[in-house]
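Subject: Handover of a structure

Dear colleague,

With this message I hand over a structure for your study. Please look through it before you read the notes below.

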Amino acid sequence: MSRIMYDAVTPSNIPATATMVAGYADGKYANIPQLKARFPHATVVSIAVHHTTAAQVLDVEPGCSSAREAVLWCTQTMAHTSNKELTVYCNTSTWPTVRAAFRAARVTEPNYWVAQYDNKPHIPDSAVAKQYASNKKFDTSVVSGHWPGIDAAH
């Protein structure tokens, strides 16, 4: 069963009924403490924009981390966590480049949360989540029933 997750730079923009939210652990929009305060009973997913920051997800897009830095994040910054428990966020158009960086480095690929704003809440094969909609206040993602590294182990 899939779930819906919301993310925003301003936590008050996220619907109050949200049960799963994502926010930033670092960078100019760091907002994890505010998300946890506003959504004390929700699952809160932490996103790093810099590959040197510990988080559950690394943001790979212009102005954030690169595909090469995603490999470094998995093998250095988050070396204490299995790649099977880590997630990289990227656009579907850059996803092949990110995957190729892991393959070239001979590093086990992490989970993927991909973005494609097509208003279709369908998770592509080999991904655990898809950000499919965005408005001026928040983004909306569909998430698999179990997200390794986010949800407790079965």
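The notes below describe what was found, beginning with one strand and moving on to several single residues.

Please keep in mind throughout that this is a predicted model.

Strand β6 and its neighbours

Strand β6 covers residues 111-115, and 5 of its 5 residues are buried, so the strand is largely enclosed by the rest of the structure. In a regular strand the side chains alternate between the two faces of the sheet. In β6, the residues N111, W113 and A115 point one way, while Y112 and V114 point the other way. The residues on both sides of β6 are buried.

Strand β6 has a pairing with β5 (residues 87-91), which is parallel and comprises 5 bridges. Within this pairing, N91 has A115 of β6 as its bridge partner. Strand β6 is also joined to β7 (residues 129-134), again in parallel, by 3 bridges. Here A115 stands opposite Q131 of β7. You may also wish to trace helix α3 (residues 95-104), since β5, α3 and β6 make up a β-α-β unit that is right-handed.

Aromatic rings

How many aromatic pairs are there? The count comes to 4. In one of them, the ring centres of W113 and W147 are 5.9 Å apart and the planes stand at 75 degrees, so this pair is edge-to-face. The pair links distant parts of the chain, for W113 belongs to strand β6 and W147 to the segment after β8 (139-143), with their positions 34 residues apart. W113 and W147 are both buried. Together with Y89, these two tryptophans form one aromatic cluster.

Cysteines

A disulfide is a covalent bond between the sulfur atoms of two cysteines. How many disulfides does the structure hold? The number is 0. C74 takes part in no disulfide, and the nearest cysteine sulfur to it, that of C90, is 12 Å away. Why does C90 not form a bond with C74? The sulfur of C90 is 12 Å from that of C74, its closest cysteine sulfur, and this is too far for a bond, because a disulfide requires the two sulfur atoms to be within 2.5 Å. Is C74 buried or exposed? C74 has a relative accessibility of 3% and therefore counts as buried. C90 counts as buried as well, because its relative accessibility is 0%.

Two further residues

T53 lies in the loop between β3 (43-48) and β4 (57-59). T53 counts as buried because its relative accessibility is 17%, and buried means under 20%. The side chain of T53 is joined to the side chain of D26 by a polar contact of 2.6 Å. Apart from its neighbours within four places in sequence, T53 is in contact with A25, D26, A48, W73 and T77.

S144 is located in the segment after β8. With a relative accessible area of 18%, S144 is buried. A polar atom of the S144 side chain lies 2.8 Å from the backbone oxygen of H146. When neighbours within four places in sequence are left aside, the contacts of S144 are M1, S2, R3, I123 and V128.

I suggest that you locate each of these residues in the structure as you read.

Yours sincerely,

A colleague

Conventions:
Residues are numbered from 1 along each chain as its sequence is written. This is a predicted model: local features need pLDDT of at least 70, side-chain atom pairs count only at pLDDT 80 or more; totals for chains, interfaces and linings use all residues. Side-chain values use heavy atoms; hydrogens and water are left out. Buried means under 20% relative accessible area, exposed over 50%, partly exposed in between (1.4 Å probe, protein chains only). Helices (H or I, at least four residues) and strands (E, at least two) are DSSP runs, numbered from the N terminus. Two strands pair if DSSP finds at least two bridges between them. A crossover is right-handed if, with the strands pointing away from the viewer, the path from the first strand over the helix to the second runs clockwise. A polar contact is a pair of N or O atoms within 3.5 Å; within protein, one must be able to donate a hydrogen and the other to accept it, and residues adjacent in sequence count only if both atoms are side-chain atoms. Contact means heavy atoms within 4.5 Å. Rings of Phe, Tyr and Trp (its six-membered ring) pair if their centres lie within 6.5 Å; planes under 30 degrees apart count as stacked, over 60 as edge-to-face and the rest as tilted.
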